[in-house]
Amino acid sequence: MSRIEARIEDLGLALPAPMLPPGNFKLVNVYGGLAYISGHPAIDGSTVLVQGVVGRDLTVEEGYEAARLAALSIIASLKHELGDLDRVTSWLRAVGYVQSAPEFHDNAKVVNGFSDLIIEIWGEAGRHARSAPGQGPSPLDVPVIIDAIVAISE
Amino acid sequence: MSRIEARIEDLGLALPAPMLPPGNFKLVNVYGGLAYISGHPAIDGSTVLVQGVVGRDLTVEEGYEAARLAALSIIASLKHELGDLDRVTSWLRAVGYVQSAPEFHDNAKVVNGFSDLIIEIWGEAGRHARSAPGQGPSPLDVPVIIDAIVAISE
Amino acid sequence: MSRIEARIEDLGLALPAPMLPPGNFKLVNVYGGLAYISGHPAIDGSTVLVQGVVGRDLTVEEGYEAARLAALSIIASLKHELGDLDRVTSWLRAVGYVQSAPEFHDNAKVVNGFSDLIIEIWGEAGRHARSAPGQGPSPLDVPVIIDAIVAISE
């Protein structure tokens with residue numbers, strides 16, 4: 001078993017099914033030693049796992065958990081595309097787009113659910129640059145979608 | 001005529017004038033074998049082609065068409081910058097930012113207008129990673145703006 | 001003194017303290033000759049310098065100034081990470097996410113505050129590809145956050 005998958009198992013985590021993309025696009029696009037990852041919500045195949053507006057329908061803790069589940073969805077797509085998660089050698093940058101109520105401005109506390117999990121699994125190689133803008137009405141009414149760029153080995 | 005331009009002609013499509021950037025920035029920035037493309041709406045020179053909020057002023061089909069026209073605007077900028085569209089060898093990633101009504105969550109169906117056209121023209125080399133977040137009030141009140149990164153040859 | 005720092009001094013500008021990131025992420029992530037820069041508002045350490053909604057609490061000129069200050073915050077993070085700002089050889093792309101009132105659509109005029117300053121300092125090497133989407137409720141209630149990718153030398 002690969003080192004990263006052993007780490008995921010040690011943490012007691014299970015990966016969902018890879019997202020079924022709702023259109024003509026790739027979940028992960030590999031080019032020039034990088035993998036460009038599409039925006040992912042917390043999703044299991046085509047089943048959305050968390051919906052709602054942070055600060056209205058969802059607490060900040062529930063938003064954090066949705067971002068953590070989105071990280072697992074991204075990892076599932078990476079495994080599906082790359083075969084071996086050990087090929088992901090470094091997390092470069094991510095954007096977490098947060099759907100929130102007008103007076104909610106704790107975007108960072110939501111997207112930390114993604115960043116914390118990636119670093120739990122990959123260690124320092126998981127530490128990335130990040131933006132956490134608010135978004136308008138989100139795809140599928142999810143509280144957060146996250147895209148990323150990672151470095152990969154052959 | 002280049003292969004891609006012949007394909008555009010075969011599809012009965014015409015490119016608009018390249019966007020006049022409303023500020024000190026580049027439509028397309030070439031570096032290290034990649035071209036970084038600025039956010040484009042459906043625009044012809046400085047004439048915005050579609051305005052409004054999807055799900056309020058515009059139907060999802062009109063949003064799809066706006067994303068398709070934004071793809072043509074991007075292609076016009078690439079032609080202007082690169083000279084020959086055959087130099088675009090692969091579409092790596094795109095973000096389509098959708099301006100929509102609060103209860104509209106079919107972002108993917110809007111941005112598909114972009115992705116479908118790029119794949120119609122470039123085939124599998126056009127298939128990219130993608131995010132389709134909602135945006136707040138958009139530049140120029142357009143329903144969608146799209147930015148992208150593509151791989152290019154010398 | 002490095003050429004870029006001399007230029008910053010000539011322009012009478014002073015850099016704020018580098019942003020304290022509100023989570024497990026890097027302000028600047030260097031990989032493969034590029035630096036991926038996290039989303040920055042106008043901030044001095046952990047003190048937010050400008051808050052509010054453009055077109056409601058802030059004029060477009062105040063939004064422009066906030067984007068200009070965000071550029072200085074980014075430069076402070078680059079200096080902290082890279083040591084010498086002359087290592088930034090080219091600005092490739094930036095996204096400025098604008099928090100605005102529903103009827104405000106002059107996003108470009110806000111994000112120009114960033115682009116104009118980068119070009120004042122770096123000259124043509126500062127001219128980048130750019131997107132200026134509207135964002136939903138922003139982190140820390142700031143009017144604009146900006147992320148970027150730059151090319152660097154060893």
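**Start with the whole assembly**

Only 13% of the interface residues of chain A are also interface residues in chain B, so the copies meet through different surfaces. Keep in mind that this is a predicted model. Colour by chain before going on.

Now superpose the copies. A turn of 120° with a shift of 0.0 Å along the axis lays chain A on chain B, at an RMSD of 0.0 Å. Try chain C on chain A next: a rotation of 120° and 0.0 Å of shift along its axis does the job, again with RMSD 0.0 Å. That is the relation of a three-fold axis. Here too the copies use different surfaces, as 13% of the contact residues of chain C recur in chain A.

**Stop 1: where chain A touches chain B**

Select the contact between chains A and B. Chain A supplies 23 residues and chain B supplies 26 residues. On the chain A side, colour strand S1 (28-31), strand S2 (34-40), strand S7 (134-135) and strand S8 (144-152), the elements that each give two or more residues. Which of them gives the largest share of this side? S2(A) does, with four residues. Now colour the chain A side by class: eleven residues are nonpolar, nine are polar and three are charged.

**Stop 2: where chain C touches chain A**

Move to the contact between chains C and A. Here 23 residues of chain C meet 26 residues of chain A. On the chain C side, strands S1 (28-31), S2 (34-40), S7 (134-135) and S8 (144-152) of chain C each give two or more residues. S2(C) gives the most, four residues. The class count on the chain C side is eleven nonpolar, nine polar and three charged.

**Stop 3: helix H3 of chain A**

Select residues 107-122 of chain A. This is helix H3, with 16 residues; at 1.5 Å a residue it should span 22 Å, and its end C-alpha atoms are 23 Å apart, which agrees. Look along the helix for the bend: H3(A) turns by about 35° at Gly113(A). Step just past the end of the helix to Gly123(A), which takes a positive phi of about 65°.

Is H3(A) mostly covered or mostly open? Mostly covered: twelve of its 16 residues are buried. Show side chains for the buried residues, among them Val110(A), Val111(A), Phe114(A), Leu117(A), Ile118(A), Ile121(A) and Trp122(A). Lys109(A) and Gly113(A) are also on the buried list. To see what they pack against, display helix H1 (3-10), helix H2 (60-82), strand S5 (88-99), strand S6 (129-131), S7 and S8 of chain A.

**Stop 4: the nonpolar core**

Turn to the largest nonpolar core, which has 160 residues. Which residues have the most contacts inside it? They are Ala70 and Val144 of chains A, B and C.

Centre on Val144(C). Leaving aside neighbours within four places in sequence, Val144(C) is in contact with residues including Pro41(C), Gly63(C), Ala66(C), Ala67(C) and Ala70(C). Further along the chain, the contacts of Val144(C) include Gly96(C), Tyr97(C), Val98(C), Gln99(C), Val110(C) and Val111(C).

**Stop 5: Ile8 of chain C**

Finish at Ile8(C), in helix H1 (residues 3-10) of chain C. Why does Ile8(C) count as buried? Because Ile8(C) has 21 C-beta neighbours inside 10 Å, and the cut-off is 20 or more. Not counting residues up to four places away in sequence, Ile8(C) touches Leu13(C) and Ile121(C). For a last distance, pick the C-alpha atoms of Ile8(C) and Asp141(C): 133 residues apart along the chain, they are separated by 28 Å.

Notes. Residues are numbered from 1 along each chain as its sequence is written. Chains are lettered from A and ligands numbered from 1 in the order in which they are written. This is a predicted model: local features need pLDDT of at least 70, side-chain atom pairs count only at pLDDT 80 or more; totals for chains, interfaces and linings use all residues. Copies are superposed by least squares on the C-alpha atoms of residues with pLDDT of at least 70 in both. Two residues are in contact if their C-beta atoms, placed from the backbone, lie within 7 Å. Ala, Val, Leu, Ile, Met, Phe, Trp, Tyr, Cys and Pro count as nonpolar, Asp, Glu, Lys and Arg as charged, and the others, Gly among them, as polar. The expected span of a helix is 1.5 Å times one less than its number of residues. The bend at a residue is the angle between axes fitted to the seven residues ending there and the seven starting there. A nonpolar core is a set of buried Ala, Val, Leu, Ile, Met, Phe, Trp, Tyr and Cys residues joined through C-beta atoms within 7 Å.
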